[in-house]
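Okay everyone, thanks for coming. Today I'd like to talk about empty space, and then say a few words about the surface. Have a look at this one with me.

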Amino acid sequence: MPITIPPIDFRVIMPEIVITLFACLVMLLEPFLPDRRKWILPHLSSLGVFVAAYFCLPLWNSNLLLWQGQALGDNLAVIFKIIFLLGTLLTILISYLKSGHHWGGEYYSLILFSTLGMMIMASSSDLIVIFLGLEVMSIALYVLAGFNRSDLKSNESAMKYFLMGAFSTGFLLYGIALIYGTTGSTNLNILVNNPHLTEPLFITGLGLILVGLAFKVATVPFHMWVPDVYEGAPTPITAFMAAGPKAAGFAALLRVFLIGLTPLAPMWITILWILAVLTMTLGNVLAIAQMNIKRMLAYSSIAHAGYILISVVAGGDDGLSSSVFYLLVYSLMTIGSFAVIIALGEKGEKNEELPDYRGLGLKYPLLGVCMTIFMVSLSGIPPTAGFVGKFYIFSAAVKNGQLELAIIGVLNSLISVYYYLRVVVIMFMQEAPSPSVVPHSSWSVQLALWLTAMATLGLGIFPDILFKITQQSWLFTLR
Amino acid sequence: MIPLSYYLILSGVLFSIGVVGVLISRNAIVIFMAIEVMLNAVSLTLVAFSQQTGSPAGQVFVFLVMTIAAAEAAVGLAIIIVIFRSKESVNVDEVNLMKW
């Protein structure tokens, strides 16, 4: 019997291959470099990100489907990969320490491996491959959250993240197993057209998958780990967690629910509706009470997961493109605000309480202006990208008949204005304490600050470019 | 032949034991063991379905699950050891620096 080798096209997984190679290279190079040459490692990691992005671009509009749908090259996958790579690049930039001290090769390597997991998650229509990507992402993140080994808070953060993450993995996996059992397949394209869609076992499986993914994107009944993990983890990693894994979780959520299981929409829309309302409201209300700025941003990230859930509920092409738009914009503004926190952190993880920010806006106007831009954008006030993103989401909701949800979303934005602008008020309108905080920032943290601030403003004033790109994100999406 | 429902009930019971174990246990190691029981319940489900439908995919998935569980065990136990070094305890109630 002649053996036929199926056509193998590596183009579609080229970005993943590049990231894997660079992650291994950085890890292997580390022990052979003398201490004064360690600065090469972050540069090498950034180079890897750029090369991977270069290999992503030809996939745009190519609509490749390989290995029975286990690797996809549709527009949605490409745009999500670009979001992850952007988040990774900014994270590497804000990880630079001024004192000539370096994080070590395994730090950058783990960041790249985590990015690899996200990219796998976003570019597969097979549930098992999505699960594998999620685990590659999470296991690297568990280590990164506890990277400050001598810091008790960081240890605690890692343990909480690990236990909760592994717990939620169990649910996700059980859901996948049940769906495999009822339909005999884990491929989303086959699932859509199978006759078992309404069997109780299938629906249970779907519910368990929703629980697993809801843990990762931090929606409300499953959000308990977020504030503790965000507060304890090293600040660059917190920024990374707020941007990348959230976007990756939503990529999987969009693939499974919005693209894969549209025939069951009436069933899951109600559940997601309730989750969206709870997530927004609880996130915003609890953020008001926080005095630690990292914790406040953690609750804010919960609230933003709620806003993005609105677009999932709204559904359709508008829902899909508005959530992609918002995830990109959210990554920029949240990494930017964490970059400000890093710039103010004096040798390590200090100055995270709100009173530490008194008067800083007047003493260091550039830092103050950047923080103001991010806070205004997070609360959704024009002319910033956050406003455009929220506007897009709410208009998608209204267009698809979810008027109540849009109204609840707008009311929630109003609540959020209070705690975001409180930071600005503290920075500009209060007297600085006598030994005030001195910002330390290396060139790369400043570069990241400038990039994110400019992008946040620029996309707020000229949203058309990104708008057109995200509207094409669904064009070649398999459904 | 043992009917499929027996396997499913057994794995459902195992999974529930795992969930309850995670929720009521206070020892980080025991919580971790309970999570492993959950993952093994899933493996049992996959194998049972695979045997019933005759498709080998389910058995391949079990290998993936085992690999993932091993990787998780390595990282998780390392994290718990770090906690034990600083706290001399793996009781999750004592790991409480951060509260809202």
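Let's begin with the second largest pocket. Sorted by class, its lining has 18 nonpolar residues, along with six charged and three polar ones. Keep in mind that we're looking at a predicted model here. The volume of this pocket comes to about 740 Å³. There are 27 residues around it, and those closest to the centre are A:Lys160, A:Met164, A:Met224, A:Asp228 and B:Arg26.

So where does that lining come from? From chain A, helices α6 (152-183), α9 (225-232) and α12 (293-314) each put in at least two residues, and so does α1 (4-24) from chain B. The largest share belongs to α6(A), with six residues.

Right, on to the cavities. How many are there of 30 Å³ or more? The structure has two. The largest has a volume of about 50 Å³. Lining that largest cavity you'll find A:Tyr161, A:Lys216, A:Val217, A:Ala218, A:Trp225, A:Tyr230, A:Met241, A:Pro245 and A:Lys246. In terms of elements, α8 (200-217), α9 and α10 (235-260) of chain A each give two or more of those residues. It's α10(A) that gives the most, with three. By class, the lining of the largest cavity splits into seven nonpolar and two charged residues, with no polar ones.

What about the second largest cavity? That one holds about 40 Å³ of space. Around it sit A:Leu127, A:Ile130, A:Leu172, A:Ile176, A:Ile209, A:Leu213, A:Ala252 and A:Val256. The elements supplying two or more of them are α5 (127-145), α6, α8 and α10, again in chain A. And the class count for this lining is eight nonpolar, no polar and no charged.

Last stop, the surface. Which residues make up the nonpolar patch there? They are A:Ile3, A:Ile5, A:Ile8, A:Phe10 and A:Trp67, and together they have about 580 Å² of accessible area. Let me pick out the tryptophan, A:Trp67, which is in the loop between β1 (65-66) and β2 (71-72) of chain A. Is A:Trp67 buried, partly exposed or exposed? Its relative accessible area is 32%, so A:Trp67 counts as partly exposed. For a residue to join a patch, that value has to be over 30%.

That's my tour, so over to you for questions.

Notes
Residues are numbered from 1 along each chain as its sequence is written. Chains are lettered from A and ligands numbered from 1 in the order in which they are written. This is a predicted model: local features need pLDDT of at least 70, side-chain atom pairs count only at pLDDT 80 or more; totals for chains, interfaces and linings use all residues. Side-chain values use heavy atoms; hydrogens and water are left out. On a 1 Å grid over the protein atoms alone, a cavity is a set of points where a 1.4 Å probe fits but cannot get out, and a pocket is an open set with protein on both sides within 12 Å along at least five of seven lines; lining residues have an atom within 4 Å of a point. Grid points are joined across faces, edges and corners, and a volume is the space filled by probe spheres set on the points. Helices (H or I, at least four residues) and strands (E, at least two) are DSSP runs, numbered from the N terminus. Ala, Val, Leu, Ile, Met, Phe, Trp, Tyr, Cys and Pro count as nonpolar, Asp, Glu, Lys and Arg as charged, and the others, Gly among them, as polar. Patches are made of residues with over 30% relative accessible area and no salt bridge: like charges are joined within 9 Å, nonpolar side chains (Val, Leu, Ile, Met, Phe, Trp, Tyr) within 5 Å. Accessible areas come from the Shrake-Rupley method with a 1.4 Å probe; for residues, only the protein chains shown count as cover. A salt bridge is a side-chain nitrogen of Lys or Arg within 4 Å of a carboxyl oxygen of Asp or Glu. Buried means under 20% relative accessible area, exposed over 50%, partly exposed in between (1.4 Å probe, protein chains only).
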